[in-house]
Amino acid sequence: MLVRRTAFGLWLCLMFLTPAGASAQTRVTPEVREWLSALVAKVATAVEVTRPTPGKRRPVVVEVRVVVAADGTLRDVSVERGSGSRRTDESALAAVMAAAPFGPPPKELLALDGTADLSFPMELAHRR
């Protein structure tokens, strides 16, 4: 289940990186896919995974924005779209911070300021 969530997160990352209106021929390089996959997987391992049980709340989604420097250090992390629970949102931010540093992003992901800026959803257990 964690692998499926990680793959879904990677897919969404790739969707955010594709410019609106881009042709169907736009391709993401294997290097970019591998780096994004490694980042999402590393963050996923830092999240406390709890399996939903009958009668319990289902996991919630927090969309986080991550800014990674050219050397892989975490420059910034913030909540793009919250879950409705401050504690759950803080858990998502803490997971990203715990997972850092990351590998250096591929050059094609770097903006003029030398950072890679991306957003992706994280699925976490709801905290009261």
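## Starting from Met-122

Let's begin with one residue in this predicted model. Setting aside the neighbours within four places in sequence, Met-122 touches Val-43, Val-47, Val-60, Val-61, Val-62, Val-64, Ala-92, Ala-95 and Val-96.

## The nonpolar core

Met-122 is also part of a bigger picture. The largest nonpolar core is made of 24 residues, and Met-122 is listed among those with the most contacts inside it, along with Trp-35, Leu-39, Val-43, Val-64, Val-96 and Phe-120. At least two core residues come from each of these elements: helix 2 (30-46), strand 1 (60-69), helix 3 (86-99) and strand 3 (115-124). Helix 2 chips in the most, with 6 residues.

A handy rule to keep in mind: in soluble globular proteins, nonpolar side chains tend to be buried together.

## Strands 1 and 2

Now for the hairpin. Strand 1 and strand 2 (residues 74-81) run antiparallel and are joined by 6 bridges. Across this pairing, Arg-65 sits opposite Ser-78 in strand 2. The hairpin has 4 residues between its strands, and Gly-72 adopts a positive phi near 95 degrees.

## A look at helix 3

Helix 3 is 14 residues long, and from first C-alpha to last it spans 20 Å, close to the 20 Å expected at 1.5 Å a residue.

Which residues of helix 3 are buried? They are Thr-88, Asp-89, Ser-91, Ala-92, Leu-93, Ala-95, Val-96 and Ala-99. As for their partners, the buried residues of helix 3 pack against helix 2 and against strands 1, 2 and 3. Two of these buried residues, Ala-95 and Val-96, bring us back to the start, being among the contacts of Met-122.

Methods
Residues are numbered from 1 along each chain as its sequence is written. This is a predicted model: local features need pLDDT of at least 70, side-chain atom pairs count only at pLDDT 80 or more; totals for chains, interfaces and linings use all residues. Side-chain values use heavy atoms; hydrogens and water are left out. A nonpolar core is a set of buried Ala, Val, Leu, Ile, Met, Phe, Trp, Tyr and Cys residues joined through side-chain atoms within 4.5 Å. Buried means under 20% relative accessible area, exposed over 50%, partly exposed in between (1.4 Å probe, protein chains only). Contact means heavy atoms within 4.5 Å. Two strands pair if DSSP finds at least two bridges between them. The expected span of a helix is 1.5 Å times one less than its number of residues.
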